[in-house]
Amino acid sequence: MTDLGIPELHRALIDAARRQHEAAAVRTSDPRDAPARDSRRRSWLGGSRWRALPVMMLVLVLVGAAVALASGLISFGAPAASVPVFANPRAGLGRIAPGTVRLLPLSVPDPHGGLPWGMRVLSTTRGVGCLQVGRLLDGRLVALGQDGAFGNDGRAHELPLSTNVERLNCSFVDARGRIFDNVTIKSQAASAAPGVHCEPPGAYAASHRAAFSTCPLADERNLYYGMLGPDATSLTYSLDGNSHTVATVGGDGAYLIVTPGTTHRYSGAAGSHERAGLYTHDEVPVYGPITAIHYRGGATCHLVTAERWIYGPRACDPALPEPYGYVRAAVPTPAELAAPIHAKLIRRGAGRWQVRVRFASPVAISSLRGEYQLQWRDPATGHEAYASMSFGERASSRYSGMIPQGANIKAGQILTATIGASPLGAPLAPGATSGSVTLRYADGPLIGAEEDTVSIPVGSFTIRVP
Amino acid sequence: MARPDHTQADDAELLALTAGDPEAFGVFYERYEAQLLGFFWRATRRADIAADLTAEVFAAALESAAAFRPQSGSARGWLFGIARHQLADTWRRGRVEDRARRRMQVAPLTLTDEALERVEELASRASRDAVQLLESLPEDQRLAVDGRVLHELDYAELAVSLSCSQSLVRQRVSRGLRALRARLEETT
């Protein structure tokens with residue numbers, strides 16, 4: 001073996017490849033395997049007995065006297081800057097749906113004192129739900145002028161609903177409009193200012209340092225929060241060697257845990273366990289102190305503590321479908337989507353050809369879940385090329401950030417794309433150019449998660465370029 | 001039973017063999033570990049982040065090894081395509097993604113300070129001489145060689161980022177590499 005930098009990773013990858021190989025062999029050899037697993041799961045769910053849990057209402061302290069006291073000490077400054085992430089009701093994340101903004105009845109003490117922490121949720125016109133966390137003052141979600149934020153003015157700055165997408169933590173709501181999401185943020189600046197990453201001095205190369213604020217460890221917090229769904233009644237977490245069981249809040253299974261910061265260095269999953277998972281956003285709580293989720297009816301997800309990076313049913317021991325209670329979105333069927341794809345050759349000057357691809361969308365797309373994808377093969381290079389067919393309106397012309405750019409599509413709407421012209425590649429070479437259109441549709445909660453995205457064929461085309 | 005010797009297999013063959021022989025991916029890893037660590041170390045100047053990103057890229061590569069098609073380009077280009085995507089995503093999100101590792105059940109690594117120093121040494125060793133030499137090139141050639149060789153960008157991407165034609169990019173890369181070769185010969 002050559003001189004390796006990370007021999008542990010070399011071994012771990014070979015082990016992963018072996019597991020993949022063995023799993024494939026099992027699937028090939030035992031076609032009854034899947035039903036058997038389902039049967040085991042049903043049996044376990046049906047057989048488990050409901051046990052009453054000693055619920056401690058650790059996080060359920062309504063905004064009260066402590067905040068009133070604090071509000072007398074901290075004055076309001078200008079609101080934090082708003083970012084146009086919800087600019088268009090028919091594109092990108094969509095617009096905030098009326099009546100969906102809720103400040104949850106959570107008020108969690110800060111481990112170093114000062115204003116408590118709270119959480120707000122909202123849903124949009126394009127099937128997205130978002131969580132936002134900040135400090136609480138007079139029933140408002142705010143960020144503080146400290147840790148390099150707001151010129152360290154010591155004042156409270158109300159957080160707008162439209163803020164950095166990274167700080168919104170958005171996911172797809174389920175078929176009943178409910179949010180299921182779990183967020184772990186370590187090294188969060190105590191200011192709660194959006195976009196302010198709190199890192200020790202010298203943590204980043206000079207070229208990137210401007211993007212990060214520096215602050216001592218005492219000004220860092222670890223945040224664990226999310227929505228576990230209406231069936232989740234409580235969760236258990238471990239802190240300083242003690243186990244705590246706390247009730248979830250409201251009808252959404254909401255929770256918020258704030259602990260002192262522990263991250264000295266940005267090292268993500270390559271670092272030690274306590275450093276791992278600087279920021280995660282997943283179907284189940286990961287890289288945090290949460291050890292179990294308790295559901296109505298007696299089911300409990302015991303998170304696999306030794307393997308916290310596992311998600312989905314295997315995150316729980318015994319296995320439990322996660323997110324528990326999530327009703328997946330209905331995915332259009334191939335029969336509903338089948339449509340003729342028209343390809344037309346267009347001459348652009350001497351020897352330069354383009355292909356105009358055109359079809360009528362067989363279904364309406366009204367959420368961020370769906371996006372048509374055009375795929376074709378360049379006859380000159382033999383390479384496969386892909387392009388997202390995002391049409392019409394864009395989410396925002398002023399802010400691209402992480403906002404997906406897809407837009408609503410009406411049933412019957414004519415969609416076109418030109419191959420061989422910017423941005424879809426160089427002029428086409430002579431030969432047969434073939435391609436296809438598929439609808440990529442997410443049916444799970446996570447935006448951009450490949451494992452929860454299915455590709456459904458719409459149609460294909462072949463055209464000869466002279 | 002003796003293990004098959006994969007060291008003579010090309011990259012595409014290693015990826016194709018991975019489904020049936022996990023050790024083949026180990027050989028693929030050995031070929032590109034230092035290059036990926038160097039790529040990420042140059043971008044971040046952090047051994048721990050470079051190690052983290054390298055782990056995520058290899059996990060993603062392992063996950064989709066069976067889907068790799070050699071007719072679509074080189075395995076090296078494919079691997080560095082994943083790497084560029086991961087790097088861009090990391091700067092945008094302020095964190096290293098770990099989804100591929102979780103899907104593949106690749107455990108988080110506990111790297112000691114000694115291990116991090118080893119990573120840094122390995123990553124920087126490959127980068128140091130090349131970077132010093134690169135800095136001796138004229139600006140236009142340096143940017144072109146840096147983009148093409150160190151960041152694995154294709155000519156079309158480089159042409160867009162450098163606001164010039166693809167043929168001019170090719171010319172700058174070619175001249176830059178020729179100059180580097182000449183200087184290397186002078187120093188050895």
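Leu137 of chain A stands opposite Arg140(A) in strand E4(A). That pair belongs to the contact between E3(A) and E4 (residues 140-144) of chain A, which run antiparallel over three bridges. The model is predicted. Chain A has six helices and 23 strands, whereas chain B has nine helices and zero strands. Strand E3(A) gives the largest nonpolar core its largest share, six residues.

**Strand E3 of chain A and its partners**

- Strand E3 spans residues 128-137 of chain A, and ten of its ten residues are buried, so the strand is largely enclosed by the rest of the structure.
- The turn from E3(A) to E4(A) is a hairpin with two residues between the strands. Asp138(A) takes a positive phi there, near 50°.
- Strand E2 (residues 117-123) of chain A is joined to E3(A) by seven bridges, and the two run antiparallel.
- Within that pairing, Arg120(A) faces Gln132(A) of E3(A).
- The hairpin of E2(A) and E3(A) has four residues between the strands. Gly127(A) has a positive phi in this hairpin, near 75°.
- E3(A) also pairs with strand E6 (residues 170-172) of chain A, through three bridges and in the antiparallel sense.
- Two cysteines are bridge partners here: Cys130(A) and, in E6(A), Cys170(A).

**The four-stranded sheet of chain A**

- Four strands of chain A, in the order E12-E11-E15-E16, make an open sheet with antiparallel pairing.
- E12 (242-247) and E16 (300-302) of chain A are at the edges; each has a single partner strand, so one side of each lacks a neighbour in the sheet.
- From one strand to the next, the twist averages 15°.
- Strand E15 (residues 290-295) of chain A meets E16(A) through three bridges, and the two run antiparallel.
- Across this pairing, Ala292(A) lies opposite His302(A) of E16(A).

**The three-stranded sheet of chain A**

- An open sheet of three strands has the order E17-E18-E21 in chain A, again with antiparallel pairing.
- Its edge strands are E17 (342-347) and E21 (414-419) of chain A, and each pairs on one side only.
- The average twist from one strand to the next is 25°.
- Six bridges connect E18 (residues 353-360) of chain A with E21(A), in antiparallel fashion.
- Arg356(A) is opposite Thr418(A) of E21(A).

**Nonpolar cores**

- The largest nonpolar core contains 85 residues. Those with the most contacts inside it are Leu131(A), Val133(A), Ala143(A), Tyr225(A), Tyr255(A) and Leu256(A).
- E3(A) supplies six residues, the largest share of this core.
- Both domains of chain A contribute: domain 1 (49-315) and domain 2 (334-465) each provide at least three residues to this core.
- Another core lies apart from it and has 51 residues. Among them are Ala59(B), Ala61(B), Ala100(B) and Leu122(B).

**Chain-level picture**

- Chain A has 466 residues, of which 42% count as buried.
- Among contacts in chain A with a separation of 6 or more, 67% are between residues 24 or more positions apart.
- Chain B has 188 residues, and 43% of them count as buried.
- Along its sequence, chain B reads α-α-α-α-α-α-α-α-α.
- In chain B, 61% of the contacts between residues at least 6 apart in sequence join residues at least 24 apart.

**Confidence in chain A**

- Mean pLDDT for chain A is 75, and 70% of the residues in this chain reach 70 or more.
- Residues 202-212 of chain A keep a pLDDT under 50. The model has eleven contacts beyond four places in sequence for this stretch.
- Residues 390-403 of chain A also stay under 50 in pLDDT. For this stretch the model has 38 contacts beyond four places in sequence.

Key: Residues numbered from 1 in each chain as written. Chains lettered and ligands numbered in written order. Predicted model: local features only at pLDDT ≥ 70, side-chain atom pairs only at ≥ 80, totals over all residues. pLDDT = per-residue confidence, 0-100. Contact = placed C-beta atoms within 7 Å. Pairing = 2+ DSSP bridges. Axes fitted to C-alpha atoms, helices over the stretch in contact; angles between N-to-C directions. Buried ≥ 20, exposed ≤ 12 C-beta atoms within 10 Å, placed from the backbone. Core = buried A, V, L, I, M, F, W, Y, C linked by C-beta atoms within 7 Å. Domains from an automatic or database assignment.
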